[in-house]
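Please open the structure in your viewer and keep the selection panel at hand, since this tour moves from one selection to the next.

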2 protein chains.
Amino acid sequence: MDRPVLPVGEPHAERADAVRNRRHLLATARDMLADEGADTLTMDALAQRAGLGKGTVFRRFGTRAGIFHALLDDDERAFQEQVLSGPPPLGPGAPPLDRLIAYGRARIGFLIEHREIARAALDGSQPIPAGSQTPLSQTHIRILLGQMPLGPADLDVLAVQLTAALDGPLLLYLSASDLTGAAPQTGARPQTGERIARGWQDLVQRVCRT
Amino acid sequence: MDRPVLPVGEPHAERADAVRNRRHLLATARDMLADEGADTLTMDALAQRAGLGKGTVFRRFGTRAGIFHALLDDDERAFQEQVLSGPPPLGPGAPPLDRLIAYGRARIGFLIEHREIARAALDGSQPIPAGSQTPLSQTHIRILLGQMPLGPADLDVLAVQLTAALDGPLLLYLSASDLTGAAPQTGARPQTGERIARGWQDLVQRVCRT
DNA sequence: GGTGTAAGCGGACTTTACCCCGTTTAGATT
DNA sequence: AATCTAAACGGGGTAAAGTCCGCTTACACC
């Protein structure tokens, strides 16, 4: 007899209850975040509020930072789609340099908008290489660089450098920023984001001019 | 009568026993590091091995990462001196671009040499802006940039970007690297450091060409 | 030398992240 | 429906960071 018929490509990646619990935990985490902020979001508290065991929370997310990482990934999906198949210059179709500039600008906007989560996501005691949090960023930059005439250059290293250069000022901003008091409005400091965006554009143009 | 004679500039920054204890703790920490590595270096263990109370350890260093930071600062003093008043091109006297390249190379070498401590120093759950660990790096880069003809540019942002671009690949290397097993020899991978150094030189030359 | 006081010290206590492992259950197979 | 097994669950247990506060001590001044 053959292997069982029909559906399975993979045996079964995740059980239904597991999926349900993951979603429920994520939703609960968002509620807590809205209610009280990131600090009081402890693993115990989350488990209790979700009506699940602490073990389950750890099984799903591995670590506290993992929760925030998952939340961020969730929000990032839409953003990624814009990059991969949205309209130019962010999406494909524009010259690589323009796309690079647009990408930086978009990422800056995205992270500033989600700053509380973003900040909490990078806490952990694990190594925190700027840019390995989002291999996507680095990969995308790497690809765009490959499409440009840069002469002899170590594109892999350059991609890491640029990813870090993009994230660096952001991290500085995120950590210095007034995440303490209730921010009066969402776009609290348009200027800072704009300044970083201009800096990015300038840097990239300098690096890529022939 | 004048102010009391002789020494004091400040009332008394630190009591003698405090100084003694700090030094003793630092030395003990180095011993433990050499004996067992960074992981087993807990605050309790350090206090016990040093024959002091845990409260004292926290009073002196504030946080676990603080200990490693202090160790690194200690090692860094010599390096800083080279930068501030050593021979060119690292020290003053050479053209700023050359100094920038030399600085990057030197910093890469320094951090790779002290990788275990460096890695442990950046753990904490506090914000970890690349480059704010060492404001010195950023400041130095900023000053050198100011001495170059770069046209219109936001030098402060550019300095942050370059600092991050210098640290990024290093962090990646430090975290990926085989810090686990006993490294056979100190200069385990000359190539990686060299590759990063070349990347730095290339980046800086691109950014600064007129 | 005596004295006052700010700084330092110690170590019990609290809080959390994270581990472990016995128990339960989804869901495939018959 | 009955059975079987790997995955998921629960929640008590552990370890380590960081806090607190009453006691001790260096040292400036007399």
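Before the first stop, it helps to know that an axis here is a line fitted to the C-alpha atoms of a helix over the stretch in contact, and that angles between axes run from 0 to 180 degrees. Bear in mind throughout that you are looking at a predicted model.

**First stop: two helices of chain B**

Select residues 16–36 of chain B, which form helix α1, and then add residues 64–85 of chain B, which form helix α4. These two helices pack at an angle of about 95°, and their axes are 10 Å apart. Angles of 65 to 115 degrees count as roughly perpendicular, and α1(B) and α4(B) are therefore described as roughly perpendicular to each other. To see where they touch, show the side chains of B:Leu26, B:Ala29 and B:Arg30 on α1(B), together with B:Ile67, B:Ala70, B:Leu71 and B:Asp74 on α4(B). If you colour this contact by residue class, you will find 5 nonpolar residues, no polar ones and 2 charged ones.

**Second stop: two helices of chain A**

Now move to chain A and select helix α1, residues 16–36, along with helix α2, residues 43–50. Their axes come within 10 Å and cross at roughly 115°, which makes α1(A) roughly perpendicular to α2(A). The crossing of α1(A) past α2(A) is right-handed. On the α1(A) side, the contact is made by A:His24, A:Leu25, A:Thr28, A:Ala29 and A:Met32, while α2(A) contributes A:Leu46, A:Arg49 and A:Ala50. Sorted by class, this contact has 5 nonpolar, 2 polar and 1 charged residues.

**Third stop: the surface near DNA strand D**

Which residues come nearest to DNA strand D? Of the 25 residues around the strand, the nearest are A:Gly53, A:Gly55, B:Ala16, B:Thr42 and B:Met43. Select next the elements that each give two or more residues to this surface, namely α1 and α3 (54–61) of chain A and α1, α2 (43–50) and α3 (54–61) of chain B. The element that gives the most is α3(A), with 4 residues. By class, the surface near DNA strand D has 6 nonpolar, 9 polar and 10 charged residues.

**Last stop: chain A as a whole**

Finally, select the whole of chain A and switch to a cartoon view, where you can follow 9 helices and 0 strands. Of its 210 residues, 30% count as buried. Among contacts in chain A between residues at least 6 apart in sequence, 62% join residues at least 24 apart.

Conventions: Residues numbered from 1 in each chain as written. Chains lettered and ligands numbered in written order. Predicted model: local features only at pLDDT ≥ 70, side-chain atom pairs only at ≥ 80, totals over all residues. Parallel < 35°, antiparallel > 145°, perpendicular 65-115°, else oblique. Contact = placed C-beta atoms within 7 Å. Nonpolar A, V, L, I, M, F, W, Y, C, P; charged D, E, K, R; others polar. Left-handed = near helix turned anticlockwise from the far one by under 90°. Near = placed C-beta within 6 Å. Buried ≥ 20, exposed ≤ 12 C-beta atoms within 10 Å, placed from the backbone.
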